[in-house]
Each structure stands twice: as structure tokens, then as C-alpha cells.
Amino acid sequence: MRILFFLVLSLAVLSFSQTLDSIHKELLVKADASVEQAAVKAQQDPLKPLFHLATKANWINDPNGPVYFNGEYHMFFQHNPYGDKWGNMSWGHAVSKDMVTWQHLPIALTPNPGSYDKDGVFSGCCVIDKGVPTIIYTGVNPEVQCIARSYDNMRTWEKYEGNPVIAKPPVENVTGFRDPFVWQDGNEWYMVLGSGIKDVGGTAFLYKSTNLTDWEYINPISTGFGSMWECPNFFPLGEKWLLAVSPYGKVQYTLGDFKDNKFNHGLWKPMDLGERSGFYAPNCLVDEQGRRIIWGWITGGGTEGYSWNGMLTLPRVLTLRDDQTLGIEPLPELSKLRGKHYQYSDVAVGSDDVFVLPDFSGNSFELIADIDLGTARQTGLDVLYSKETESGTRIEFDNIQLFFNAGEASAPFQLLPDEKTLRLHIFVDRSVIECYINGRECITIRTFPRNKDMQKIRLFSKKHKSIFKTIDIWEMNSIYQ
């Protein structure tokens with residue numbers, strides 16, 4: 001009788017799993033159809049980015065599960081297939097050979113009504129387990145950790161019949177329990193989970209496993225500021241380990257030492273000098289060359305009524321500099337997108353003077369400027385500038401501070417003793433700007449140039465002369481090829 005009972009139970013579980021899988025496939029077809037319908041209008045918006053990865057249409061937020069597999073880079077992302085506001089959290093999916101040009105694939109995961117992820121397939125990661133791509137994500141509500149696997153080169157996904165693999169938090173009074181980040185060390189898998197403990201602060205819990213389905217809780221790897229740490233990333237970088245968390249504000253990171261499952265952190269710093277709207281909920285991978293590449297979420301849409309909202313940052317290469325601080329640079333391979341080239345040399349801008357660059361006009365370009373500050377107190381440039389209205393988006397440096405949009409956003413920045421020039425590496429993509437400063441900081445902002453003539457670049461200097469030693473500008477092509 002006992003054998004018969006377990007046989008009947010096993011058949012029932014199998015039948016239930018097959019039913020969920022069948023329903024899931026139908027829901028994915030419906031979700032993809034919704035996106036395709038909205039895409040016609042979304043592609044017509046002149047403010048939709050050309051070379052930042054976004055959805056075909058509708059809402060995007062956190063980058064999820066970037067991974068390299070079988071010669072391809074995969075990026076997933078939080079996605080609402082049914083509108084340009086947050087909701088119906090699913091995993092969108094895109095694929096690339098080089099992290100530069102991308103192709104959209106069908107949606108990978110979407111909630112199953114009445115199941116452990118009925119209220120959302122939230123953020124997580126993707127790893128390769130003995131050759132099998134495996135997604136680890138948070139299902140809601142309540143927040144539980146789940147897995148899904150692919151057996152067809154990551155084109156379709158099967159949710160694990162034993163989900164959830166972690167059904168509840170390890171302690172009481174948590175403020176959240178989501179966004180798994182998983183890595184392998186020898187024969188064991190490790191996971192950090194974003195959380196917070198009431199009256200304690202933001203927390204990242206550490207787990208380990210030998211098979212991705214059975215997890216053992218170890219300890220909090222770190223606790224601290226804020227009430228909840230979303231989307232933790234934890235990985236080795238040079239001789240250090242980096243922990244990055246998203247505490248409902250600017251993404252914060254710290255470099256420290258990790259030994260015997262304990263992390264001794266250093267100072268916390270912002271990973272991007274802009275506001276939360278410019279860089280949030282990052283996720284990363286190790287590429288084919290062993291580089292650590294990270295993306296973040298940029299919020300906000302373009303022209304109202306065009307059925308899209310948000311994008312991902314450009315891929316950023318993280319390194320540990322010789323002075324044991326974080327280096328941040330755009331992925332060098334982005335140069336593949338460069339088109340027509342403009343070059344200017346030794347452009348001197350006098351005290352309280354301005355100079356509009358001749359010949360160039362555009363709202364989708366890459367710019368590298370090396371500036372000899374001389375004795376100038378303030379210097380910089382206006383991009384997306386209009387001669388008619390004398391307005392644009394300002395990037396300004398005053399020796400101790402960076403200002404954007406005439407002071408609407410600012411962040412501290414100083415040249416190091418061995419830095420002779422200020423290098424601004426700027427990407428302007430219609431309604432978003434990423435500015436990398438001397439290879440060690442980045443600031444991301446949204447901008448909405450409503451006038452068609454806002455396509456010029458103006459240089460300025462205040463309180464003495466500065467010299468723009470070199471300015472290189474490239475028109476940029478689309479990443480969808």
C-alpha cells in the first residue's frame with residue numbers, strides 16, 4: 001500500500017508540473033504578442049535609445065542573469081509585457097555575440113497563476129550547472145527562491161518541479177527576501193540574498209549548496225545602512241571582494257576581504273555618481289576574457305504615449321586599480337558601433353567664453369575629451385545644445401565637484417596628484433547620457449531634448465582659460481543589427 005501511495009503521489013506531482021509547464025508556455029505566447037503589438041509605436045519615438053539595450057516595447061527594470069554560454073552572451077531583465085508601468089514581472093531575454101549588438105528573444109519566464117511565482121518572477125541570476133543553464137530567481141508572493149533550467153541552448157525554460165528551493169527567510173522580522181546572486185567555488189555553490197532585518201538594517205544573507213536545489217544557510221555576510229538591500233552582487237576583483245547593494249537609493253559598493261565565509265568590508269561608496277534613476281539594481285558576469293562586466297537599470301521613458309519605459313546602462317568593465325580602488329570603464333568593444341568621426345585639437349576657451357564646435361550635429365554619439373584645466377576654475381561642455389534657445393545638458397567640472405544640468409545633479413570629484421588632465425568619456429544616446437571620468441567614476445543621467453535642433457556641442461570655461469587638447473566624436477550606430 002505504501003509503494004502504491006507514493007506512486008500515485010508521484011504521478012499527481014508529475015501531472016501538476018506538466019500542467020504548470022503547459023500553462024506557462026501559453027502565457028509566454030500571450031506576453032510576446034503583447035510586446036510585438038506595442039513595439040510598432042515604441043520604435044517611432046525619437047527619444048528611444050539607439051545603442052542602450054531596452055525592450056522592444058513596454059516596461060524594463062533590473063538586468064537579470066547575464067551569462068556567457070556556447071559562444072553567446074545572454075541578458076535577461078525584469079519586464080512588463082503588458083504596459084509601460086511596473087507590473088506582471090517577467091524575464092525578458094536578449095542575446096549577443098559580443099555584448100555590443102543584440103537580438104531580442106522570446107520572453108523566458110512569466111508568472112504562473114496560483115503557483116509560487118503567481119505575483120511575479122522577480123530578479124535573480126543565471127549559472128551553468130554541469131553544462132545546464134540554470135536560472136535562480138525570486139517568486140512572489142511570499143518571496144521564495146526558485147530555479148528554472150534550459151535544455152535547448154537557452155531558448156526555452158522549464159521551471160523546477162520542486163520549487164521553491166528556499167521557502168522562507170532564515171530569521172524573523174525581515175523587510176524583504178529576494179534577488180539571489182550565485183557563484184561556484186570548487187564543487188559548491190554559494191548565494192547571497194538581498195534582505196533587511198527590522199531595527200538592524202540592510203542585510204545580505206549567505207547560503208551554500210552542492211546542487212542548486214538544497215541550500216544551507218550560513219550567516220549574514222554583511223549588515224548595515226538602509227532598511228533593505230536589493231540586488232546584491234558579490235564577487236572577487238583582483239585581490240579584493242566587491243559587494244554592491246541597492247538600498248532604495250544610489251547603488252553602494254565596498255571592497256573588502258572574504259575568508260571563512262566572513263566578509264570584512266571597507267568604506268561604502270556610490271557605484272555611479274548620478275541619482276538612483278540613472279543606475280540601479282546592477283548585475284554582472286565574467287566574460288570570455290575573464291573581465292568583470294556590469295550593467296545597471298536606467299529608469300524612465302521618452303515621449304508620453306510611445307509604449308516604452310527604461311533601458312540598461314552600457315556594459316561597464318570593473319577592475320581593481322593599482323591604488324586598490326575601483327576602476328570603471330565602458331566596454332572597449334563598443335567602438336564597433338562608431339560611425340563618422342570628427343576630431344578637434346588644442347581648442348582654447350578663454351575666461352568666461354564659449355565655443356560651439358563646428359560641423360558636428362547629433363543626438364546619438366560618443367565623445368572623448370582631454371582637457372588641460374590650466375588655472376580655470378570651472379570648465380566643461382553643453383551637449384544636446386540649441387543655438388536658438390541657448391540651452392542644453394551641461395557637464396561641468398570645478399576642481400572639486402562635477403555638475404550636470406546646471407547644478408541639478410552634482411557629485412564630488414577631484415583629480416589625483418598624478419592626473420594631468422581631465423578625461424571625459426561621454427555617451428549621448430538621445431535621452432540618456434553616461435559620462436566616465438578618468439577611468440574611475442561614472443555618472444548617468446536622463447535628459448529629454450524636446451527640440452529637434454538640440455544637437456550641437458558647446459565648450460565653456462570660467463575664471464581663466466582652459467584648453468581642450470583633443471576632442472574625438474563618433475556618430476553611433478544601432479545595437480540591433
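In the predicted model, the charged end of Arg-338 is placed over the ring of Trp-474, at 3.7 Å from the ring centre. A comparable arrangement involves Arg-149, whose charged end sits over the ring of Tyr-160 at 5.3 Å from its centre.

Aromatic side chains also associate with one another, and 24 aromatic pairs were found in a search of the whole structure. One of the pairs found is formed by Phe-76 and Trp-91. The centres of these two rings lie 5.4 Å apart and their planes meet at 45°; because this angle falls between the limits of 30 and 60 degrees, the pair is classed as tilted. The pair links distant parts of the chain, with Phe-76 in strand 2 (residues 72-80) and Trp-91 in strand 3 (residues 90-96), 15 residues apart. Phe-76 and Trp-91 are both buried. Elsewhere, ring pairs join Trp-183, Tyr-190, Phe-234, Trp-241, Phe-258 and Phe-263 into a cluster.

Members of this cluster recur in the description of the nonpolar interior. In soluble globular proteins, nonpolar side chains tend to be buried together. The largest nonpolar core comprises 62 residues, and those with the most contacts inside it are Trp-102, Trp-183, Phe-234, Leu-242 and Met-271. Strand 14 (residues 240-246) gives the most to this core, contributing five residues. The surroundings of Phe-234 illustrate the packing: apart from neighbours within four places in sequence, Phe-234 is in contact with Phe-181, Trp-183, Val-192, Ile-221, Trp-241, Leu-242, Leu-243, Phe-258 and Phe-263. A second core, separate from the largest, consists of 36 residues, including Tyr-344, Phe-360, Ile-395 and Phe-397.

Four strands are arranged as an open sheet in the order 9-10-11-12, with antiparallel pairing. Strand 9 (174-185) and strand 12 (215-223) occupy the edges; each has a single partner strand, so one side of each is left without a neighbour in the sheet. On average, neighbouring strands of this sheet are turned by 25° against each other, direction ignored. Within the sheet, strand 10 (residues 188-197) pairs with strand 11 (residues 201-209) in the antiparallel sense over nine bridges, and Ser-195 stands opposite Thr-203 in strand 11.

An antiparallel pairing is also made by strand 18 and strand 19 (residues 292-298), over five bridges. Strand 18 (residues 280-286) is mostly covered, with six of its seven residues buried. Across this pairing, Cys-284 has Ile-294 of strand 19 as its bridge partner. The hairpin of strand 18 and strand 19 has five residues between the strands, and Gly-290 within the hairpin takes a positive phi near 85°.

Several backbone features were examined against a general expectation. Most residues other than glycine have a negative phi, and most peptide bonds are trans. Asp-179 has a positive phi near 70° although the residue is not glycine. Asp-179 belongs to strand 9, and its relative accessible area of 5% places this residue in the buried class. Asn-438 likewise has a positive phi, near 50°. Asn-438 lies in the loop between strand 32 (432-437) and strand 33 (441-446) and, at 14% relative accessibility, counts as buried.

Cis peptide bonds were identified at two sites described here. The bond joining Val-140 and Asn-141 is cis, with omega about 15°, and Asn-141 is placed in the loop between strand 6 (132-139) and strand 7 (144-149). The peptide bond from Asn-163 to Pro-164 is also cis, with omega near 0°. Pro-164 is located in the loop between strand 8 (158-159) and strand 9.

Ser-361 was considered separately. This residue occupies the loop between strand 25 (353-356) and strand 26 (364-372). Its relative accessibility is 39%, so Ser-361 counts as partly exposed. Apart from neighbours within four places in sequence, Ser-361 is in contact with Gln-455 and Lys-456. The C-alpha atom of Ser-361 is separated by 42 Å from that of Asp-179, a residue 182 positions away along the chain.

Methods:
Residues are numbered from 1 along each chain as its sequence is written. This is a predicted model: local features need pLDDT of at least 70, side-chain atom pairs count only at pLDDT 80 or more; totals for chains, interfaces and linings use all residues. Side-chain values use heavy atoms; hydrogens and water are left out. Two strands pair if DSSP finds at least two bridges between them. Helices (H or I, at least four residues) and strands (E, at least two) are DSSP runs, numbered from the N terminus. Axes are lines fitted to C-alpha atoms, for helices over the stretch in contact, and angles run from 0 to 180 degrees between N-to-C directions. Rings of Phe, Tyr and Trp (its six-membered ring) pair if their centres lie within 6.5 Å; planes under 30 degrees apart count as stacked, over 60 as edge-to-face and the rest as tilted. Buried means under 20% relative accessible area, exposed over 50%, partly exposed in between (1.4 Å probe, protein chains only). A charge sits over a ring if NZ of Lys or CZ of Arg is within 6 Å of the ring centre and within 35 degrees of the ring normal. A nonpolar core is a set of buried Ala, Val, Leu, Ile, Met, Phe, Trp, Tyr and Cys residues joined through side-chain atoms within 4.5 Å. Contact means heavy atoms within 4.5 Å.
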